[in-house]
Amino acid sequence: ASLAEQLCIAFDKGDTPYYLAEYYPQVAVEMTIAQVWEIFDFLQSMVDLSSKKKRVFNALKKANRLNASEEKRINLTTNTYELDDLLLPLRPNPRSKGQLASKKGLVPLADTILKQEVEGTAVEVMAEPYVGKDPTLSSVKDVIEGVKDILAERFAYDETVRAMCREFTYEDGFFEVVPKNKKDPQYSSYLGKFIPVNELTKDEILKLMIAEDQKVLRLKVGVQLFRITELIRHHFITNPESAGFDLICEAIDDCWLRLLQPAMERDVKNRLREEAEEVVTRRIVSDLSKDFQDENKRGPLLMVDGSKD
């Protein structure tokens, strides 16, 4: 604990890992400079995360939803995705399909269907009183589509569902590699295949992502649609006999395909890239450390760091 506190104080003061390794005996004895750099990188990532934490605090305060439990949770989290999931429902897109449908007065019907208490009544019958409430609601079909949009967005904003889907995509997702030039031999082994994410090495993942950065290929992340929608249904559906069961199922499918899947692809690719870069960086650090030790044995060594000002 004392060493951890010492490192945090040194980080706040602006001391470098090189300085610590040279002038802090406890650090020099117990840690390698590579370990100190890892800790400093982590502390810097927490500094970078603090601005997002402030935005979440302010948004929760404005919505009168900030309590001691949420405040502690935000302070302690090191996960940027958790903060995103908290912030998203507090700042909905005013031009989204669900928000536009809400402005047309369809929220009460969406609430009723989501409660799943009504049985033995067709959704079309429940929708009839809302026809004509807005110029765009000229038919029962328009009303039902609007309600579906509201439900799809509610499902997509659900913090637990987003966390579940993100983890499911990470654990059970697959890559589809679509090269710009399908005759390119270096990507021929990937063509026409759905490759489980966990079967690729970190080096392969990084190689493919760099190729995507260079617009050489498109790297798609997918999951089995049946399994992911069943996961979401299990979370939301409490009464399969309710009048809105089919509509809720349709909204869940729309929620995944239109709203969640693109976000999960982005988040999972970012996570995989960070992990791959960390593995490769550690390998580079290990090689450089060996070179440093070998050079240091030969005599005085001048080392120049050009990575920062």
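Which residue's side chain meets that of Arg233 in a salt bridge? The partner is Asp253, with an N to O distance of 3.8 Å. Welcome to a quick tour of this predicted model, which covers a small set of topics: the sheet, the helix that packs on it, the charged pairs and the aromatic rings. The sheet is open and has 3 strands, the structure holds 29 salt bridges, and there are 6 aromatic pairs to look at as well.

**The sheet**

- The 3 strands are arranged in the order 2-1-3, and their pairing is antiparallel.
- Strand 2 (195-196) and strand 3 (217-222) stand at the edges with a single partner strand each, so one side of each has no neighbour in the sheet.
- Helix 14 (residues 245-297) packs on this sheet and touches both strand 1 and strand 3. The direction of helix 14 makes about 110 degrees with that of strand 3.
- Strand 1 (residues 174-179) is joined to strand 2 by 2 bridges, while strand 1 and strand 3 pair over 6 bridges.
- Phe175 is a handy residue to click on: it stands opposite Ile195 in strand 2, and its bridge partner in strand 3 is Val221.
- Next to that, Phe174 has Pro196 as its bridge partner in strand 2.

**Lys269 and its surroundings**

- Lys269 is found in helix 14, and it is buried, with a relative accessible area of 12%.
- Beyond its neighbours within four places in sequence, Lys269 is in contact with Met209, Glu212, Arg218, Leu219 and Val221.
- Val221 is a residue you have already met, as the strand 3 bridge partner of Phe175.
- Two of the other contacts, Glu212 and Arg218, form a salt bridge with each other, their closest N and O atoms being 3.5 Å apart.
- How do the two ends of that salt bridge compare in exposure? Glu212 is buried at 18% relative accessible area, because buried means under 20%, whereas Arg218 is partly exposed at 35%.

**Salt bridges between helices**

- Glu38 forms a salt bridge with Arg282, and the closest N and O atoms are 2.8 Å apart. This pair links distant parts of the chain, with Glu38 in helix 4 (residues 33-62) and Arg282 in helix 14, 244 residues apart.
- Both ends of that link are partly exposed: Glu38 has a relative accessibility of 39%, and Arg282 has one of 45%.
- Back to the opening pair, Arg233 and Asp253: Arg233 lies in helix 13 (residues 225-236) and Asp253 in helix 14, so their salt bridge ties together parts that are 20 residues apart in sequence.
- Arg233 is partly exposed at 23% relative accessibility, and Asp253 is partly exposed too, at 27%.
- Some salt bridges share partners: Asp85, Arg162, Arg166, Arg266 and Asp267 are joined in this way into one network.

**Aromatic rings**

- Among the 6 aromatic pairs is that of Tyr18 and Trp37, an edge-to-face arrangement at 5.9 Å centre to centre, with 80 degrees between the planes.
- Tyr18 lies in helix 2 (residues 17-23) and Trp37 in helix 4, so this pair ties together parts 19 residues apart in sequence.
- Tyr18 is partly exposed, with a relative accessible area of 34%, and Trp37 is partly exposed at 27%.
- Why does the pair of Tyr19 and Tyr24 count as edge-to-face? The ring planes stand at 65 degrees, with centres 6.1 Å apart, and planes over 60 degrees apart are counted as edge-to-face.
- The two rings are not alike in exposure: Tyr19 is partly exposed at 38%, but Tyr24 counts as buried at 14%.
- Tyr19 and Tyr24 also belong with Tyr23 to one aromatic cluster.

**A charge over a ring**

- The charged end of Arg271 sits over the ring of Tyr170, at 3.5 Å from the ring centre.

Methods
Residues are numbered from 1 along each chain as its sequence is written. This is a predicted model: local features need pLDDT of at least 70, side-chain atom pairs count only at pLDDT 80 or more; totals for chains, interfaces and linings use all residues. Side-chain values use heavy atoms; hydrogens and water are left out. Two strands pair if DSSP finds at least two bridges between them. Helices (H or I, at least four residues) and strands (E, at least two) are DSSP runs, numbered from the N terminus. Contact means heavy atoms within 4.5 Å. Axes are lines fitted to C-alpha atoms, for helices over the stretch in contact, and angles run from 0 to 180 degrees between N-to-C directions. A salt bridge is a side-chain nitrogen of Lys or Arg within 4 Å of a carboxyl oxygen of Asp or Glu. Buried means under 20% relative accessible area, exposed over 50%, partly exposed in between (1.4 Å probe, protein chains only). Rings of Phe, Tyr and Trp (its six-membered ring) pair if their centres lie within 6.5 Å; planes under 30 degrees apart count as stacked, over 60 as edge-to-face and the rest as tilted. A charge sits over a ring if NZ of Lys or CZ of Arg is within 6 Å of the ring centre and within 35 degrees of the ring normal.
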